[in-house]
Amino acid sequence: VRLLMDFLVNSVGDVFAWLFLCGAGLFAVLTVATIVLAAVAAGGMPVVPYLLAAAGLTIQAGLMALLGLAGDYVQRTYRQSSGQPLYLIRCVHERESAQRGDGRGR
């Protein structure tokens, strides 16, 4: 499992960062488009289906940006924690308790 995760993290690169940037850019553009369509709809033109489509796409782009941001944080956390021995604290604790002779380390 560890080899697979190392392969995925190293080969994927910064895909989550790009996903966040693309999602945030799409969110900004679609927000402007939704505002423009809302202004046009307020003027009396029949653009309600386009307005609903633009609003839905804006929400999806925002969710995509949040997914990219969360994925980037998970990826960074994995990179920082990989290679760190998880058993170090237990070994030190057991060694110290064995030296004291109280037997609490086991």
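The exercises below work through the helices of a predicted model and three residues of helix α3.

Residues are numbered from 1 along each chain as its sequence is written, and side-chain values use heavy atoms, with hydrogens and water left out. Because the model is predicted, local features need pLDDT of at least 70 and side-chain atom pairs count only at pLDDT 80 or more, whereas totals for chains, interfaces and linings use all residues.

**Exercise 1. Describe the secondary structure of the protein chain and its burial.**

Step 1. Helices (H or I, at least four residues) and strands (E, at least two) are taken as DSSP runs, numbered from the N terminus; on that basis the protein chain has four helices and zero strands, and reads α-α-α-α along the sequence.

Step 2. Taking buried as under 20% relative accessible area, exposed as over 50% and partly exposed as in between (1.4 Å probe, protein chains only), one finds that buried residues make up 18% of the 106 residues.

Step 3. With contact meaning heavy atoms within 4.5 Å, 69% of the contacts between residues at least 6 apart in sequence join residues at least 24 apart.

**Exercise 2. Determine how helix α2 packs with helix α3.**

Step 1. Helix α2 covers residues 15-42 and helix α3 residues 48-81. Axes are lines fitted to C-alpha atoms, for helices over the stretch in contact, and angles run from 0 to 180 degrees between N-to-C directions; the two helices pack at an angle of about 160 degrees, with their axes 7 Å apart.

Step 2. Angles under 35 degrees count as roughly parallel, over 145 as roughly antiparallel, 65 to 115 as roughly perpendicular and the rest as oblique, and the angle therefore makes α2 roughly antiparallel to α3.

Step 3. By class, the contact of α2 with α3 has 22 nonpolar, eight polar and one charged residues, where Asp, Glu, Lys and Arg count as charged, Ala, Val, Leu, Ile, Met, Phe, Trp, Tyr, Cys and Pro as nonpolar, and the others, Gly among them, as polar.

**Exercise 3. Decide whether D72, Y73 and I59 are buried or exposed, and locate their partners.**

Step 1. D72, in helix α3, counts as buried because its relative accessibility is 12%; leaving aside neighbours within four places in sequence, D72 is in contact with F16 and A17.

Step 2. Y73, also placed in helix α3, counts as exposed at 55% relative accessibility, and its C-alpha lies 9.3 Å from that of A17, 56 residues apart in sequence.

Step 3. I59 of helix α3 is exposed, with a relative accessible area of 55%, and its C-alpha atom is separated by 7.6 Å from that of F27, 32 residues apart along the chain.
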